[in-house]
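Me: Could you take a close look at one part of this structure for me? I'd like to hear about its charged side chains and how they pair up.

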Amino acid sequence: MAEVINKIKAIILNIGKYLVRGLYIIGSYVIPVNDKIILFESSNGRNFTGNPKSIYEEILNQGLDEEFKCVWVFTNTNTEINGNAIKVKKSFLKFLYYTLRSGAWVFDSRHLYYLRKNKKTKYIQTWHGTPLKKLALDMDYIDMSGNQDISLYHDDFKKNTALWEYLISQNSYSSEIFKRAFDFKGEMLEIGYPRNDILINKNNPEDIDEIKTSLNIPKDKRIILYAPTWRDNEYHEKGEYKFATEMDFDKMYKELKDDYILIVKFHYLVKENIDWSKYNDFVIECDANWDIQELYLISDMMITDYSSVMFDYSILKRPMLFFTYDLENYKNNLRDFYFDMVEEVPGPICETNEEMIDFIKNYTEENYKIEFGEKYRKWNEKFNPFDDGNASKKIIELIRSKK
């Protein structure tokens, strides 16, 4: 009997979905666009961070929230945000209404496949990083949450990007890749990333101290930020990935706890519950809504692997090291790279915990500059030529323009 009831519920639910989709399609022809409404979404609605957040906060800074109605999309509408923006739950009716009503969309990832955009709505795709790993149409193979159909993945990507009108780029290198990998036909905005404005404007002792205070970060030790990416084939379920690492936290704790704090920042696609209590005076796990740009500012050093955090963090010209214990497997079986990271990254490639700990314990600014200073100069020349602290303002000008 229970099985029959569940089947009936499933049928009713599917009918409901089709009815809503039908009403949504009809609404796309009759609901007028209001160019004073802006729809924001970050990390597929998972949190309040990144480029969309920075653009929104600049709207608040300029007092333009009186001129614009700002709407934020979340999977959890209890997410805390600044200002008085409306919060809507992703995929629900109010969300669908605002996709049709808004004069601008500001998203940093692909949108839901069934969304419809009015031709009068400006779609500003901020994206979420300069690529090291091959993207979209440049990928020759895929193993993402069990999906291995690369043709379908390519087709879905092209349908999505066909709606993008504007795409932000951090550098000319990214622009060329984005045009090809996304089959992007719109206008490329080579202005740097809005989320990095803070790295230009608040890189000073007073603001850094204030951030540490607000996040309750100890001020008597040096800070290491550990920000790895996810692994396509290590997941709990579709869209939720495991925390993939071979970092020996016991060894890190033993060797570094007297002088360092380690902040662990998961990628937004990673979902993991780890008991860090035995490292409670050493490891700090981030809240999902902590802004990684603020963590860059308070960190003295960063450990990453293949994440695009390397491009943003390098704006600060602080030391980076790359814990790439699975480099060959990652490159050959998961994601190929656009360039030889071993040759280009401005920091040591560490394949073992011992190498990583040795570098940290023996680090000096002078030795780092001797070994990696020229690499760092070339890196910033190539990847950070446009970040000037004004990207958010430029996007607001675009939204307000009649263009």
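**A salt-bridge network around Glu67**

Reply: Happy to! Ile26 is a useful contrast to begin with: its relative accessibility is 53%, so Ile26 counts as exposed. Ile26 lies in helix α1, residues 2-30, and joins Leu23, Ile25, Tyr29 and Val30 in a nonpolar surface patch of about 570 Å².

Now to the charges. Please keep in mind that this is a predicted model. The structure holds 22 salt bridges, and Lys36, Glu67 and Arg400 are linked in a network of them.

Take the Lys36 side first. The side chains of Glu67 and Lys36 form a salt bridge with an N to O distance of 2.7 Å. This pair ties together distant parts of the chain, 31 residues apart: Lys36 sits in strand β1 (residues 34-41), and Glu67 in the loop between α2 (50-61) and β2 (69-74). Lys36 has a relative accessible area of 35% and is therefore partly exposed. Glu67, at 27% relative accessibility, also counts as partly exposed.

On the other side, Arg400 meets Glu67 in a salt bridge of 2.9 Å, N to O. Here the partners are 333 residues apart, with Arg400 in helix α15 (residues 391-400) and Glu67 in the loop between α2 and β2. Because its relative accessibility is 42%, Arg400 counts as partly exposed.

A further salt bridge joins the side chains of Asp336 and Lys331, at 3.2 Å from N to O. Asp336 is partly exposed at 23% relative accessibility, and Lys331 is partly exposed at 30%.

Key: Residues are numbered from 1 along each chain as its sequence is written. This is a predicted model: local features need pLDDT of at least 70, side-chain atom pairs count only at pLDDT 80 or more; totals for chains, interfaces and linings use all residues. Side-chain values use heavy atoms; hydrogens and water are left out. Patches are made of residues with over 30% relative accessible area and no salt bridge: like charges are joined within 9 Å, nonpolar side chains (Val, Leu, Ile, Met, Phe, Trp, Tyr) within 5 Å. Accessible areas come from the Shrake-Rupley method with a 1.4 Å probe; for residues, only the protein chains shown count as cover. A salt bridge is a side-chain nitrogen of Lys or Arg within 4 Å of a carboxyl oxygen of Asp or Glu. Helices (H or I, at least four residues) and strands (E, at least two) are DSSP runs, numbered from the N terminus. Buried means under 20% relative accessible area, exposed over 50%, partly exposed in between (1.4 Å probe, protein chains only).
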